[in-house]
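Student: I should like a close look at one part of this structure, namely its nonpolar interior. Please set it in the context of the whole chain and then discuss the enclosed space.

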Amino acid sequence: MADAEFTPHSEDPKDRNFVTALARGLDVLRCFGPNETELTNTDFAERTGLPKPTVSRLTYTLCKLDYLIADPRKGTYRLGAGVLHLGFGVLAGMEVSERATEVMRDLRDGPNSYITVALGERHRLEVVYLAVQSSRENVSLTMHVGSRLPLFFSAIGRAILVGMGQWERETVFDLVRQETPDQLEACMESLNRALEEYRDCGYCRGYGEWRGDVNGIAVPVTSLNGARVYGLNTGGPSFHVQKEELEGQYADRLKNAAQVLGFHSKST
């Protein structure tokens with residue numbers, strides 16, 4: 001599975017409240033991709049665009065704080081227990097994730113054993129998976145907690161966009177203008193399509209767009225206190241999970257699951 005491409009945070013020189021050093025340190029931690037356990041200072045520099053001396057100071061500091069662990073023999077770094085502590089702390093604090101396991105498992109255990117179900121939340125221009133119920137077959141999507149998908153070009157990402165308030169969407173489009181201005185028009189078209197789909201049928205579609213061999217549908221889930229918007233999707237390999245089955249047998253099940261997890265409304 002190919003996660004969304006890493007993009008460093010954009011800096012606004014006019015924003016006096018923005019702590020550049022902190023943002024750069026977090027960018028270093030975000031460099032690790034799926035199945036990557038070790039990276040070098042050169043890797044960090046190439047991915048963040050930062051000078052190597054700056055990267056060296058950042059990795060030294062992150063090691064001191066236990067967010068990275070250095071291997072002096074190989075000149076590599078791996079994520080430390082500090083990052084895991086932060087991640088599990090965030091997951092534990094999300095009330096929707098506490099109720100998600102059983103609901104998602106029931107949705108996954110439907111008529112098609114190739115179905116995978118996932119719950120995700122937006123981080124900048126990506127969706128990060130918070131919980132996953134993988135299919136019951138050996139041939140399945142290699143999804144896992146922490147997997148990243150493009151916000152505008154996946155069913156779950158569009159579902160999150162649909163569930164947002166207008167002010168949050170404006171914030172997202174500000175990020176698009178800063179980080180991927182060449183995709184602004186495509187992102188606007190994607191949002192308009194998502195709003196139309198959700199208005200007409202109550203879910204967002206994704207057939208071979210994020211990955212050519214994957215079909216899926218998704219709905220927004222708003223937390224009970226209204227503070228967070230998640231996406232809940234169901235799908236699988238296109239040669240085992242067809243559009244007609246998703247929309248005919250799983251769409252209503254997906255909407256019902258969203259109702260249980262939070263507040264799911266068909267209005268936009």
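Tutor: Helices (H or I, at least four residues) and strands (E, at least two) are taken here as DSSP runs, numbered from the N terminus. On that basis the chain has nine helices and nine strands. The model is a predicted one, in which local features need pLDDT of at least 70 and side-chain atom pairs count only at pLDDT 80 or more, whereas totals for chains, interfaces and linings use all residues. Residues are numbered from 1 along each chain as its sequence is written, and side-chain values use heavy atoms, with hydrogens and water left out.

A residue is termed buried under 20% relative accessible area, exposed over 50% and partly exposed in between (1.4 Å probe, protein chains only). By this criterion 48% of the 268 residues are buried. A contact means heavy atoms within 4.5 Å; among contacts between residues at least 6 apart in sequence, 58% join residues at least 24 apart.

Now to the interior itself. A nonpolar core is a set of buried Ala, Val, Leu, Ile, Met, Phe, Trp, Tyr and Cys residues joined through side-chain atoms within 4.5 Å. The largest such core holds 31 residues, and Tyr-129, Leu-151, Phe-152, Leu-161 and Val-172 touch the most other members. At least two core residues come from each of strand 5 (126-133), helix 6 (155-163), helix 7 (166-179), helix 8 (184-201) and strand 8 (214-222). Apart from residues up to four places away in sequence, Phe-152 touches Leu-125, Arg-158, Leu-161, Val-172, Phe-173, Val-176, Cys-187 and Ser-190. A second, separate core comprises 25 residues, including Ala-100, Val-117, Tyr-203 and Ala-251.

There remains the enclosed space. On a 1 Å grid over the protein atoms alone, a cavity is a set of points where a 1.4 Å probe fits but cannot get out, and its lining residues have an atom within 4 Å of a point. Points are joined across faces, edges and corners, and a volume is the space filled by probe spheres set on them. The search of the whole structure yields one cavity of 30 Å³ or more, and the largest cavity has a volume of about 210 Å³. Its lining consists of 25 residues, of which Tyr-129, Trp-210, Val-214, Gly-216 and Asn-233 lie nearest the centre. Strand 4 (116-123), helix 6, strand 8 and strand 9 (229-237) each give two or more residues to this lining. Tyr-129 thus appears both among the core residues that touch the most other members and among the lining residues nearest the cavity centre.

Key. 1 Å grid on protein atoms, 1.4 Å probe; cavity = no way out; pocket = protein on both sides within 12 Å on 5 of 7 lines; lining within 4 Å.
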